Structure formats: C-alpha cells, structure tokens
Amino acid sequence: MRLANKVAVISGAASGIGLATALKFGKEGATVIVCDLNQEHIDAAVAQITAAGGKAAGYIVDVTNNEQIGAMREDVLQKFGRIDVLCNIAGIVMDAQLSKMTEEQFDRVIDINLKGTYNMARAVVNDMIAQESGVILNTSSVVGVYGNFGQTNYAATKFGVIGFVKTWARELGKKGIRANAICPGFVATPMVNSVPEKVLESMRARVPMRRLAEPEEIANLFAFLASDEAAYINGAAIEITGGLTL
C-alpha cells in the first residue's frame, strides 16, 4: 500500500472527486481525515472508508473558517501525531459572463477556491516543515490553464492555485515538502447530474476518448502524487483531461 502510515487531510472529501480520493487513500493505507460541511455526508464517507478496511476520522471544516481549520488540525495532531498530505479539493462554481457577474458571485468563489486553499495550506505548513516532509496537492482545472467562457471567477481561482504550488515548490522543496496541482477536464461527478443530456453529449464529443473522466481516475492521480513514487515531482500542474485540449 503506497500510502501506508501517512495521515492525509482532504477537503471536500464527502462527495465527488474528494470522496473518490478519500476512498482511494484509505485503500492505499493512509489515515484519511475527511473534511467537509455536512456531518451526515462526512459520517457516510468515514463509514465507507472503514468498511473497506481503511482508517478515517471526520471533521466539519468550512475552508473559509480558520477557527474550524485550526480545531481540526489540533485534534488530528493530538490523535495521529502528524499530517503528511494535504489535498485541497473543496471548491464551488458560480458562473456568469463578466458583464453579468455579481460581486457576491466573484467573492464567494474566490473565498472558497482560492483563499480556502491558502487557509488549509497555511494551517499545516509549519507542521510539515517541523517534520521535514509533506505533500500539498491543489485541485486546479483545465480551466485554470486555458480559461473558459463565463468563468471569470472560477478561472482566476484555478489559475491561482497553480501559482500557489509553483511558489510553494520553490519555498518548501528544500524542506522536504512537495507541492503540485491536478488539472482535471470533464468529470462525471454529482454536479453534472443536472446537466442536460444534449450538453453532456457535446462535452463527450470534445474529448478524443469520447467520455467524461470517472472521479476514481482523478483520485488515482492524487494517490500517485501523494506517494513516494512521485518523490521528484514538484511544482507541476498535471492535466488529466482525456485529451480535451488537443
């Protein structure tokens, strides 16, 4: 198991890519710290991980709330002694064209996707420095590389979290800490359930593989980058898109 004896904090871990990643990390031997907003969903995620033979603990964590983040960190350190991996997966979309975007839409997406990623990393970085090891993985997007119509706020955050890892790789590499970003394309998460079939078909048609990614396929990349197998990958922004941008 490639993540044996590692303690991994995962935000947005109760659904979608976050849940798939939490389950994958549990199967790979990590102690999974499930962070999300809904206690029922958190409990369900923890139950799934433990039912599969993994180890997990759950915490209500709003990534915009430093008090909740700090309380989670303190409890994790007290119970498990260390934090080896941070996966920043929590995020939202509130789309609109620039001419129609409200200040609330812009600020909310920035606060969660960008500032929330900063908040989580800032909370654990000194612990990783003290133990001279750690991995920080940020969830970007293909939109964070190429932009997208109607996503001024979202694109800014996903470009931004790539900038974070480029900077953190320079700052923290000499301290034994790696930072990388994952840039998914179209993924079959619960968020696409409300998308009309005609739109889904057009999305599939844009991908050479003619399908959306499964959340588990994104989780596999998180697990690889968190593992010692990726020990020399630092400051990278890795696209996982099925060839969408070709």
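These legends go with a set of close-up views of a predicted model.

**View 1. The sheet is open and has seven strands.** Reading across, the strand order is β3-β2-β1-β4-β5-β6-β7, and the pairing is parallel. At the edges you'll find β3 (55-60) and β7 (237-240). Each of these has a single partner strand, so one side of each is left without a neighbour in the sheet. From one strand to the next, the twist averages 20°.

**View 2. Strand β1 sits between β2 and β4 in the sheet order.** On the β2 side, β1 is joined by five bridges, and the two strands run parallel. Getting from β1 to β2, the chain passes through α1, and this β-α-β crossover is right-handed. On the β4 side, three bridges link β1 (residues 7-11) to β4 (residues 85-88), again with the strands running parallel. Val9 is a handy residue to look for here: it stands opposite Ile33 in β2, and its bridge partner in β4 is Leu86.

**View 3. Both faces of strand β1 are covered.** Which residues of β1 are buried on one side, and which on the other? Val7, Val9 and Ser11 are on one side, with Ala8 and Ile10 on the other. That makes five of its five residues buried.

**View 4. Helices α1 and α8 each lie across four strands.** Helix α1 (residues 16-27) lies across β1, β2 (31-36), β4 and β6 (177-184). Its direction is at about 170° to β1. Helix α8 (residues 215-226) lies across β4, β5 (134-139), β6 and β7. For α8 the angle is given against β6, and it comes to about 165°. Strands β4 and β6 turn up in both lists, for α1 and for α8.

**View 5. Phe164 and Trp168 make a stacked aromatic pair.** The structure holds one aromatic pair, and here it is. The ring centres of Phe164 and Trp168 are 5.0 Å apart, with 20° between the planes. Both residues belong to helix α6 (residues 152-172), where they are four residues apart, or about one turn of the helix. Trp168 has a relative accessibility of 11%, so it counts as buried, the cut-off being under 20%.

**View 6. The cysteines shown here form no disulfide, and the count for the structure is zero.** Why is Cys35 not bonded to Cys87? Its closest cysteine sulfur is the one in Cys87, but that is 11 Å away, too far for a bond; a disulfide would need the two sulfur atoms within 2.5 Å. Cys183 is in no disulfide either: its nearest cysteine sulfur, also that of Cys87, is 14 Å away. Is Cys35 buried or exposed? Cys35 is buried, with a relative accessible area of 1%. Cys183 counts as buried too, at 0% relative accessibility.

**View 7. Arg211 sits in the loop between α7 (197-205) and α8.** At 34% relative accessibility, Arg211 counts as partly exposed. Which residues does Arg211 touch, leaving aside those up to four places away in sequence? They are Arg204 and Glu217. Leu200 is another residue to pick out in this view: it is eleven residues from Arg211 in sequence, and the two are 9.3 Å apart in space, C-alpha to C-alpha.

Note on methods
Residues numbered from 1 in each chain as written. Predicted model: local features only at pLDDT ≥ 70, side-chain atom pairs only at ≥ 80, totals over all residues. Heavy atoms only, no water. Phe/Tyr/Trp six-rings, centres within 6.5 Å; stacked < 30°, edge-to-face > 60°. Buried < 20%, exposed > 50% of the residue type's maximum accessible area, 1.4 Å probe, protein only. Pairing = 2+ DSSP bridges. Axes fitted to C-alpha atoms, helices over the stretch in contact; angles between N-to-C directions. Contact = heavy atoms within 4.5 Å. Right-handed = clockwise from strand over helix to strand, strands pointing away.
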